[in-house]
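Please go through this model with me, one short exchange at a time. Each answer should end on what was asked.

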Amino acid sequence: MQQNHVKSALILGVCLLLGLTALGYLLGTSALKFKAYERTVTVKGLSEREYPADIVIWPISFVEAGNDLTELYLVTERHTQTLIAFLEANGIERQELTVSAPGISDKLAQGYEKARIEFRYMATQTVTVYSSKIDTVRAAMNKMGDLGKQGIAIADNTYEHATEYLFTRLNEVKPSMIEQATTQAREVAEKFAKDSKSRLGKIKRASQGQFSIGDRDRNNPHIKKVRVVSTIEYYLSD
């Protein structure tokens with residue numbers, strides 16, 4: 001009777017040992033497969049292109065000075081009409097222009113000594129061009145010296161009155177640029193897989209970077225550089 005119990009215990013122990021060995025093997029194999037499956041490579045793909053701007057915003061300011069406020073308003077209005085006529089003569093339409101109210105400053109009210117004031121009042125007038133005709137507007141810019149000959153003192157192109165060039169067709173170019181960036185990223189990943197004697201698998205995760213739009217350079221702000229970087233992680237297998 002006792003021998004039967006010993007024999008049963010021995011058989012149970014052997015079965016348990018075999019079961020644990022098999023379980024360990026299966027778990028080890030699964031871990032190896034899982035580890036192999038988790039081998040990845042992360043690459044980046046770049047798409048960078050140049051496009052002409054399609055909108056220009058050009059604020060044109062001039063300054064008038066005088067001691068008679070009524071006369072100052074009249075001169076400012078006259079020169080504003082001269083400026084508008086100049087722009088229209090150079091291919092810019094009236095609906096593309098916005099005329100702001102003139103800003104008037106009184107030096108006497110600002111605390112200047114009356115004896116030192118040559119002109120008490122100063123008027124600043126701004127006419128803004130908003131147009132899609134980039135070449136036409138740039139051609140007009142090159143002729144601004146003609147207004148100086150007519151007594152209109154155009155203000156310098158300061159930060160406050162800087163010309164802006166915009167590229168508004170981003171949605172049109174997005175798909176092809178993303179495709180280009182993704183293709184480039186895959187080419188890099190395939191080269192890595194080949195060099196490491198692996199095979200490139202499916203995408204694990206992908207991240208499309210932000211599109212950036214900037215001037216090509218400081219001398220050509222009307223030409224825009226559009227850029228996007230895509231980051232893609234691929235699985236690798238032997």
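**Salt bridges, burial and packing**

Q: What does R169 count as at 27% relative accessibility?
A: The model is a predicted one. Buried would need a value under 20%, and exposed one over 50%. At 27%, R169 falls in between and therefore counts as partly exposed.

Q: Which residue forms a salt bridge with R169, its closest N and O atoms being 3.6 Å apart?
A: The cut-off for such a bridge is 4 Å. The N to O distance here is 3.6 Å. The partner of R169 counts as exposed, at 56% relative accessibility. That partner is E172.

Q: How many salt bridges does the structure hold?
A: The bridge between R169 and E172 is one example. R186 and E190 form another. The total for the structure is 13.

Q: How many residues apart are R186 and E190 in helix α5?
A: Their side chains meet in a salt bridge at 3.3 Å, N to O. R186 is partly exposed at 33%, and E190 is partly exposed at 38%. An α-helix has 3.6 residues a turn, so residues three or four places apart point the same way. R186 and E190 are about one turn of the helix apart, a spacing of four residues.

Q: Which residues are joined into one network by salt bridges that share partners?
A: D217 and R216 form a salt bridge, with closest N and O atoms 3.3 Å apart. D217 is partly exposed at 29%, and R216 is partly exposed at 33%. Shared partners make one network of E50, R216 and D217.

Q: Are the rings of Y51 and F167 stacked or edge-to-face?
A: The structure holds one aromatic pair. The ring centres of Y51 and F167 are 5.2 Å apart, and their planes meet at 20°. Planes under 30 degrees apart count as stacked. The pair is therefore stacked.

Q: How many residues apart are Y51 and F167?
A: Y51 sits in strand β1, and F167 in the loop between β6 and α5. Both residues are buried. The pair links distant parts of the chain, with a separation of 116 residues.

Q: Within what arc do the buried residues of α3 fall, seen down its axis?
A: The buried residues in α3 (134-141) are I134, V137 and A140. Their cover includes β2, α2, β5 and β6. They line one face of the helix because they fall within an arc of 130°.

Q: Which residues does T80 touch, not counting those up to four places away in sequence?
A: T80 is in helix α2. It is at 2% relative accessibility, so T80 counts as buried. A polar atom of the T80 side chain lies 2.7 Å from the backbone oxygen of T76. Setting aside residues up to four places away, T80 touches F62, V99, Q125 and V127.

Q: How far apart in space are I92 and Y130, C-alpha to C-alpha?
A: I92 lies in the loop between α2 and β3. It counts as buried, at 2% relative accessibility. Residues it touches include W58, V129, V137 and A140. I92 and Y130 are 38 residues apart in sequence, and their C-alpha to C-alpha distance is 9.4 Å.

Note on methods
Residues are numbered from 1 along each chain as its sequence is written. This is a predicted model: local features need pLDDT of at least 70, side-chain atom pairs count only at pLDDT 80 or more; totals for chains, interfaces and linings use all residues. Side-chain values use heavy atoms; hydrogens and water are left out. Rings of Phe, Tyr and Trp (its six-membered ring) pair if their centres lie within 6.5 Å; planes under 30 degrees apart count as stacked, over 60 as edge-to-face and the rest as tilted. Helices (H or I, at least four residues) and strands (E, at least two) are DSSP runs, numbered from the N terminus. Buried means under 20% relative accessible area, exposed over 50%, partly exposed in between (1.4 Å probe, protein chains only). The arc is that of the directions from the helix axis to the C-beta atoms. Contact means heavy atoms within 4.5 Å. A polar contact is a pair of N or O atoms within 3.5 Å; within protein, one must be able to donate a hydrogen and the other to accept it, and residues adjacent in sequence count only if both atoms are side-chain atoms.
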